[in-house]
Amino acid sequence: LGLDMEELEEIEEDAGLGNGGLGRLAACFLDSMATLGLAAYGYGIRYEYGIFNQKIRDGWQVEEADDWLRHGNPWEKARPEYMLPVHFYGRVEHSASGAKWIDTQVVLALPYDTPVPGYMNNTVNTMRLWSARAPNDFNLRDFNVGDYIQAVLDRNLAENISRVLYPNDNFFEGKELRLKQEYFVVAATLQDIIRRFKASKFGSTDSVRTVFDSFPDQVAIQLNDTHPAMAIPELMRIFVDIEKLPWDKAGTPPAWDITRRTFAYTNHTVLPEALERWPVDLVEKLLPRHLQIIYEINQRHLDHIASLFPNDVDRLRRMSLIEEGGTKRINMAHLCIVGSHAVNGVAKIHSEIVKTQVFEDFAALEPEKFQNKTNGITPRRWLLLCNPGLAELIAEKIGEDYVRDLSQLTKLHEFVDDDLFIREVAKVKQENKVKFALYLEKEYKVKINPSSMFDVHVKRIHEYKRQLMNCLHIITMYNRIRRDPAKLFVPRTVIIGGKAAPGYHMAKMIIKLINAVAQVVNNDPMVGSKLKVIFLENYRVSLAEKVIPATDLSEQISTAGTEASGTGNMKFMLNGALTIGTMDGANVEMAEEAGEENLFIFGMRVEDVTELDRKGYNAQLYYERLPELKQAVDQIKSGFFSPKDPNLFNDVVNMLFHHDR
C-alpha cells in the first residue's frame, strides 16, 4: 500500500495504564504467561485517562491529560454480556441467617477484553479491563424524579470511578476515589472468577449450591502489591454471606482456609510513605461489611498470636491489621500477609529486607510463607521488537531458541574472542545511536555527537532514585572541562528522563534543576561537543524502546535498600549497555551473574547505610571535605544556573543539607 510500518507504529498511542515498574511488570508477565502457554488472565481498570503526558515548558514539568482513547482502540472488544454490579456505601443488617449488606449504591462494571498473544505458539490469553457505567435507573429510582436532567447528568459521578489513573509512583494518597477504584476492580474480578469456576463445575451458572473445596486448586490469585488487598475481605464476604460457608473449621473446608490458599501477595516496595494505610472511617462509610470482616480477621489473627506469645502486647500492636494512635488505619500489607499463603519480594536483597526488617514479626511466625521471585522482563518486547539488529546477530550465532529461554545467552561465551562478532555488535550499537541521535536532533534541536558516550538515566523521578546525584555529577564534569579545557575528556551525552508525580514538589524541582543545568552546559562554547545534557520529555514505553538500544551507560544509582528490584536495569543490560550502579535491587544479582568486574559498582551497601543512619549523617562534612562537590552545590545555591531567580533552588539545597534520606 506504499505505507511505512514504522510511521504507522508512531501513530498508535501507548496504553499508559500504569505508573512505572509495577504496571510494566504486569504487562511483561502477561506476555511471558501467554508464551509459556499458561491459562492466565490479567485484570485491571480501563482508565479513560492514563498516566499524564509530560510537557516541559521553560524547564518545568507541565501535565496534560492522556486522552489515549480519542481515536478509538482497535485491540479491545467490549463485552456487555459479562457486565457485573459493584456495590458501595449502604449498611449492614445482622439476622439469624447471617449478615446482609443493604441500601447500597450500584455501579456496573463493563469488561473490555484485549488479546495477549504468546510468541509463535498459537496461544492467545485475555487481559480484561473494567470500565464503570451507571445503571440506567441511576438517581431515577428514588423520589427526586422532578429533576430528570440533573439525574442523567449525575451518572458521571458513578462513571468517574474509571476516569483517571492516580499518577503516584511509590507514594500512598488516601483518597476516597482511589479506594473506590481498588474495590471496583476487585469486586468485578472476583465475581468473574467465581462465575467461571461455577461454569466449569456444572456447565451452567444456575443456583445449584456450589462445593468450593477445590477452589484453591482451580484458582490462584496474585495480588500485585496491596492495591487489590480488598479482594481478601471481598472473597470472605462472598463465601460467608452469600455462599453460606462456615468461617472456620466445621468439617468442610472453611471460608478462611480456602481464601488463604487462593491468594498470594507480591510486595513491591519498602518505602514507608508508599505503604497503603486506609483510614477506618473511610472504609466504614464506603464498605461497611468489609470493615466488619477485616475486624474479624484481625481478632482471630491477634488471638492466635496472643496464644503463642502471652503478655507480649507490643508484638500484638506491631502485628495488628489496625494501627491505633491518631486516626485508626488499616495496614493493607498486614492484611495481605495474613490473608495469603505466600508472600514474595521482587529481588533477593529486597526479599531479605522484607523478611528481616519490614515484616520481621510475620516472618518469625511463618518463615515458610516468605519467598523471593526476582523480577524479569519480556525479551520479545525488550530485545526482538526494540532491537532487531542485535536480536538477529545473536540468532546467527546461537539460534533462535534463546528468545523463549534467555539462559541460552550463555552460549555467547564462546564468542568473546571472536573479533568479527565483537565488531558486529559494536556496529549495531553505533547504528542505534545514530538513529536515536537523529531523533534527538529533530525533537530537541541540539546537535548530538553520535560517537559520544550515551549516558542514560530514565525512570520515574524520585529522591530515592537519585537523579539529583547524577545532576551533581554533570555539574562536576562541566566544571572539570572548564577548569582544564585541554585535558582529555571522553565526550558524553547525558540523557535523563522520567515523570514526577504532579504533587511531588521536590521531584519537580529536580526536573527544573536538570533543565537549568542543561541550558548552561549546552550553550557554553568552552564545552562544545564534549558534554551535552538532555532531559527526555514524556518518558514512556514507546520512548524506552527507542532510547534503551542506543544506550552505552545505564544509570541504576538508588540508595542501597530503596529500589525493590528495578527492571529498566535488565532492559539496558539485555541491549548491550554497561551498568553503573549501587548494590541495590536486582543490580546485586546482575553483578553476580555477569561478574562484578563487568559492572561499575559503587557506593554504600545496605549495611553501610544502616550504620550511617545509626551514627547520624552530616552532609556538611562532605561539603567541606570535597572541593568539587562544594563548588557544584555553591553554584546551585548562588543562582549560577538560575540567574533570574538566584533563590530558585533553595529547597533543593536545604534538603541536601538537612533532610536527605
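**A walk through a predicted model**

Asp-225 is buried, with a relative accessible area of 8%, which places this residue under the 20% cut-off used for that label. The model is a predicted one, and Asp-225 is a convenient point of entry, since its position in the chain is the loop between strand S10 (221-224) and helix H7 (231-242). Its backbone carries a phi near 70°, a positive value in a residue other than glycine.

A second aspartate can be set beside it. Asp-58, in the loop between S2 and strand S3 (60-64), has a phi near 55°, again a positive value in a residue other than glycine. Is Asp-58 buried or exposed? With a relative accessible area of 66%, Asp-58 is exposed, because any value over 50% is counted in that way.

The loop that comes before strand S2 (53-57), running from strand S1 (41-45), holds Arg-46. This arginine has a relative accessible area of 12% and is therefore buried, the limit for that label being 20%. Once its neighbours within four places in sequence are left aside, Arg-46 is in contact with Leu-69, Glu-76, Tyr-112, Leu-129, Trp-130, Ser-131 and Ser-162.

From the loop that holds Asp-225 the chain leads into helix H7, and the axis of H7 comes within 9 Å of that of helix H10 (residues 288-308), with a crossing angle of roughly 95°. Because angles of 65 to 115 degrees are classed as roughly perpendicular, H7 and H10 are described in that way relative to each other. On the H7 side the contact is made by Ile-232, Pro-233, Glu-234, Met-236, Arg-237 and Asp-241, and on the H10 side by Arg-289, His-290, Ile-293, Ile-294 and Ile-297. Sorted by class, this contact has six nonpolar, one polar and four charged residues.

A small piece of strand architecture comes next. Three strands form an open sheet in the order S12-S14-S13, and their pairing is antiparallel. Strand S12 (277-279) and strand S13 (322-323) stand at the edges with a single partner strand each, so one side of each is left without a neighbour in the sheet. Between S12 and strand S14 (residues 329-331), which run antiparallel, there are three bridges; in one of the pairings, Pro-279 has Arg-329 of S14 as its bridge partner.

Further along the chain, helix H18 (residues 467-483) and helix H25 (residues 627-638) have axes that come within 9 Å and cross at roughly 105°, which means that H18 is roughly perpendicular to H25. H18 contributes Leu-472, Ile-475, Thr-476, Asn-479, Arg-480 and Arg-483 to the contact, while H25 contributes Glu-628, Leu-629, Gln-631, Ala-632, Val-633, Gln-635 and Ile-636. By class, the contact of H18 with H25 has six nonpolar, four polar and three charged residues.

The last stop is a position that carries an annotation. The UniProt record, an unreviewed entry, places the feature "modified residue: N6-(pyridoxal phosphate)lysine" at Lys-571, a residue located in helix H21 (residues 568-574). Why does Lys-571 count as buried? Its relative accessibility is 7%, and the label applies because that value falls under 20%. Not counting residues up to four places away in sequence, Lys-571 touches Arg-24, Ile-377, Trp-382 and Ile-548.

Terms used:
Residues are numbered from 1 along each chain as its sequence is written. This is a predicted model: local features need pLDDT of at least 70, side-chain atom pairs count only at pLDDT 80 or more; totals for chains, interfaces and linings use all residues. Side-chain values use heavy atoms; hydrogens and water are left out. UniProt positions are given in the numbering used here, feature names are shortened, and annotations may be inferred rather than shown by experiment. Helices (H or I, at least four residues) and strands (E, at least two) are DSSP runs, numbered from the N terminus. Buried means under 20% relative accessible area, exposed over 50%, partly exposed in between (1.4 Å probe, protein chains only). Contact means heavy atoms within 4.5 Å. Two strands pair if DSSP finds at least two bridges between them. Axes are lines fitted to C-alpha atoms, for helices over the stretch in contact, and angles run from 0 to 180 degrees between N-to-C directions. Angles under 35 degrees count as roughly parallel, over 145 as roughly antiparallel, 65 to 115 as roughly perpendicular and the rest as oblique. Ala, Val, Leu, Ile, Met, Phe, Trp, Tyr, Cys and Pro count as nonpolar, Asp, Glu, Lys and Arg as charged, and the others, Gly among them, as polar.
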